[in-house]
Amino acid sequence: MSSTKVMINFIIVRHGLTTWNAVGRVQGQINTPLAPEGEEQAERVAEVLKNEDVDIVISSNLDRASHTADAIMRKLVKKDNVKREYDDNLKETNFGDIQGKLLDEPEVRSMRDPVMKAWSECDFDVRFPNGESATEGQQRMLRALKSVATKGKNIIVVSHGCLIKYMATKIVIDLGEDPKEVLNKAVPNCCVSRLQYDEEADKFHPQVWFEDAIQHWAAKDDTG
């Protein structure tokens, strides 16, 4: 008699808007708070997700992600036994020497553009000067998801735009699919992705990527 396969359900949310997002200043792993608009976005995505069955809410420990996750946690209708956790592996990509600088500065463009071009062509081992490669970010986010999958069946994860995007790209490639659509799709603040994890087969199966669930205020991509 065959046993029923257990699938782990993930809801992955990008954090709300920050002041640095709005002006195009690169955050990466620098800790920045939510802007007032971002706090409202967090409340709105919390309203969207409030009726979900959830075992764990987990986020990076950077304020913009952790405060978004806290807003979601507060609004859950069924939250008596929900655990709140943090994982450093959910931090944004380390953008190295361009962190803290504006995207439209010529020096920043000269460092950023070759890296982003390589990543758009799935050359994920290219890294930012004194920063991370996409491969390193993909590996640590997937480690975080697989680790928390051992603790619950229904999990909300709050993380960061670039990290989420290239993790998604890795999953799509591993399934033998064309990553072009994911690579070309925006990752707006407080967007929602849904996927399932088959622990036995060690495979992720996406249901939706980067859904704009709240009619967001747009942030510039890849500012963290």
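Asp87 sits in the loop that runs between strand E3 (83-86) and helix H4 (106-120). In this predicted model, Asp87 is buried but forms no salt bridge. A second aspartate, Asp198, belongs to strand E5 and is also buried, with a relative accessible area of 4%. The points below cover these two residues, the nonpolar cores and helix H3.

**Asp87**
- The nearest side chain of opposite charge to Asp87 is that of Lys151, 7.0 Å away; a salt bridge would need a nitrogen and a carboxyl oxygen within 4 Å, so this pair does not qualify.
- A polar atom of the Asp87 side chain lies 2.8 Å from the backbone nitrogen of Asn89.
- Beyond its neighbours within four places in sequence, Asp87 is in contact with Ile58, Ser59, Ser60 and Ala144.

**Asp198**
- Asp198 counts as buried because its relative accessible area is 4%, and the cut-off is under 20%.
- The side chain of Asp198 reaches a backbone nitrogen, that of Glu200, at 3.2 Å.
- With residues up to four places away in sequence left out, Asp198 touches Lys5, Met7, Lys203 and His205.
- Thr169 is 29 residues from Asp198 along the chain, and the C-alpha atoms of the two are separated by 18 Å.

**Nonpolar cores**
- The largest nonpolar core contains 28 residues, and Phe10, Ile12, Val157 and Trp209 have the most contacts inside it.
- Two or more residues of this core come from each of strands E1 (7-14), E2 (56-59), E4 (154-159), E5 (192-198) and E6 (203-211), and from each of helices H5 (134-148) and H6 (161-174).
- Helix H6 supplies the largest share of this core, 6 residues.
- Trp209 touches Met167, Ala168, Ile171, Val172, Val182, Lys185, Val192, Ser193 and Leu195, not counting residues up to four places away in sequence.
- A separate, second core has 18 residues, among them Ile11, Val57, Leu76 and Ile156.

**Helix H3**
- Helix H3 covers residues 63-75, 13 in number.
- From first to last C-alpha, H3 reaches 18 Å, close to the 18 Å expected at 1.5 Å a residue.
- The buried residues of H3 are Arg64, Ala65, Ser66, Thr68, Ala69, Ala71, Ile72 and Met73.
- The elements covering these buried residues include strands E1, E2, E3 and E4, together with helix H2 (36-49).

Technical notes: Residues are numbered from 1 along each chain as its sequence is written. This is a predicted model: local features need pLDDT of at least 70, side-chain atom pairs count only at pLDDT 80 or more; totals for chains, interfaces and linings use all residues. Side-chain values use heavy atoms; hydrogens and water are left out. A nonpolar core is a set of buried Ala, Val, Leu, Ile, Met, Phe, Trp, Tyr and Cys residues joined through side-chain atoms within 4.5 Å. Buried means under 20% relative accessible area, exposed over 50%, partly exposed in between (1.4 Å probe, protein chains only). Helices (H or I, at least four residues) and strands (E, at least two) are DSSP runs, numbered from the N terminus. Contact means heavy atoms within 4.5 Å. Lys and Arg count as positive and Asp and Glu as negative; His and the chain ends are not counted. A polar contact is a pair of N or O atoms within 3.5 Å; within protein, one must be able to donate a hydrogen and the other to accept it, and residues adjacent in sequence count only if both atoms are side-chain atoms. The expected span of a helix is 1.5 Å times one less than its number of residues.
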